[in-house]
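Me: Hi! Could you walk me through this fold, one question at a time?

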Amino acid sequence: MAPSRKKLGSLRILVSNDDGIHAPGLKLLTRIAQSLSDDVWVVAPETEQSAASHSLTVRTPLRMRKLGPRKFAVDGTPTDCVLLGVLHLLKDHQPDLVLSGINNGSNLAEDIAHSGTVAAASMGAALGLPSIAFSQTISVGETTRWATAEKFAPDLIRKLMAAEWQRDSLVNVNFPDKPASAVKDIVVTHQGRRRRREIVTESVDPFGRPYYWMGSPRNDQATDEDSDISVVSRGAVSVTPLRLDLTQEKMLSSMRKVLG
Ligand code: MN
């Protein structure tokens with residue numbers, strides 16, 4: 001995979017997301033991609049699929065609706081969209097780059113496991129394509145600062161395409177909830193971990209049956225300073241290289257001893 005040999009202007013870019021085909025973040029990312037290339041394709045879910053993670057629709061058929069010459073909506077998940085886009089729609093001329101987002105809200109630390117935005121990029125990586133997930137951090141009750149993502153994303157994509165990519169890898173980018181002019185740096189980070197775990201609230205519905213509600217107030221205090229979460233909360237752009245291989249190398253030998 002050597003995308004840097006190609007001019008960005010001739011790259012075929014596939015854009016997807018998990019907030020759905022009508023999301024403002026998708027429109028923005030499409031516009032950004034079009035500023036870099038004349039060959040931009042959009043395949044995105046009909047409806048919001050946030051937290052859909054890697055789910056793949058296999059028990060029911062998928063419908064693809066053409067909305068424009070290079071714009072399609074799929075009644076499935078982000079993973080479905082990238083699969084259909086790469087393996088069907090663009091099978092004769094595969095994309096050189098997959099962009100996902102821009103998600104309305106951050107995808108940091110533990111979020112990465114649930115994120116549909118990251119999952120779309122993971123699917124691109126699994127198909128052997130350089131893939132980047134973008135998220136714009138928001139604060140509760142505030143409007144999304146799309147201008148921050150808009151300012152930094154084009155140059156970031158250009159630079160990332162010039163970087164050396166490993167197989168089965170993707171990049172997770174999070175923009176901070178700061179005005180663009182207040183954002184000073186872009187920091188390469190690792191996936192962080194929040195201090196607090198999700199909370200389960202138990203209550204009783206009007207019919208006397210118990211119900212459970214998962215979630216906790218956002219707490220973006222991380223356990224370590226170089227992590228995605230720390231860097232975004234101090235107002236910088238976080239760029240994290242991720243890999244698909246989840247093997248815990250440090251446990252291989254001890255586990256082999258126990259099971260051997
Ligand atoms: Mn989302």
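Reply: Gladly. Helices (H or I, at least four residues) and strands (E, at least two) are DSSP runs, numbered from the N terminus. This is a predicted model, where local features need pLDDT of at least 70, side-chain atom pairs count only at pLDDT 80 or more, and totals for chains, interfaces and linings use all residues. Residues are numbered from 1 along each chain as its sequence is written, and side-chain values use heavy atoms, with hydrogens and water left out.

Me: How many helices and strands are in the protein?
Reply: Counting the runs just defined gives both totals. The protein has seven helices and eleven strands.

Me: What is the radius of gyration of the protein, and what does the globule rule give?
Reply: The radius is taken over C-alpha atoms, and the rule is 2.2 Å times the number of residues to the power 0.38. For 260 residues the rule gives 18 Å, and the protein is close to that, so it is as compact as a globular protein of that length; its radius of gyration is 19 Å.

Me: What is the strand order of the open sheet?
Reply: Two strands pair if DSSP finds at least two bridges between them. The edge strands, each pairing on one side only, are β3 and β8 (186–188). The open sheet has nine strands with mixed pairing, in the order β3-β4-β2-β1-β5-β6-β7-β11-β8.

Me: Do β3 and β4 run parallel or antiparallel, and what about β8 and β11?
Reply: Strands of a sheet pair through backbone hydrogen bonds, either parallel or antiparallel. A hairpin joins β3 to β4 through two residues, and Lys66 stands opposite Phe72 in β4. At the other edge, Ile186 has Val237 of β11 as its bridge partner. Over three bridges, β8 and β11 are parallel, while β3 (residues 64–68) and β4 (residues 71–74), joined by four bridges, are antiparallel.

Me: Which element supplies the largest share of the largest nonpolar core?
Reply: A nonpolar core is a set of buried Ala, Val, Leu, Ile, Met, Phe, Trp, Tyr and Cys residues joined through side-chain atoms within 4.5 Å; buried means under 20% relative accessible area, exposed over 50%, partly exposed in between (1.4 Å probe, protein chains only). This core has 35 residues, of which Leu99, Ile132, Phe134, Val173 and Phe175 touch the most other members. Elements that each supply at least two residues include β5 (97–104), β7 (169–175) and α5 (146–162). The largest share, eight residues, comes from α5.

Me: Which residues of the stretch from Thr148 to Leu156 does Phe175 touch?
Reply: Contact means heavy atoms within 4.5 Å. Not counting residues up to four places away in sequence, Phe175 touches a list that includes Phe134, Val232 and Val237. In the stretch you name, the contacts are Thr148, Ala149, Phe152, Ala153 and Leu156.

Me: Which residues does the cis peptide bond join?
Reply: Most residues other than glycine have a negative phi, and most peptide bonds are trans. Here omega is about -5°, and Ile102 belongs to strand β5. The cis bond joins Gly101 and Ile102.

Me: Is Ala109 buried or exposed?
Reply: Ala109 is found in the loop between β5 and α3 (111–114). Its phi is near 50°, a positive value in a residue other than glycine. With a relative accessible area of 0%, Ala109 is buried.

Me: What is the relative accessible area of Asp168?
Reply: Asp168, in the loop between α5 and β7, has a positive phi of about 55° although it is not a glycine. Asp168 is partly exposed, and its relative accessible area is 30%.
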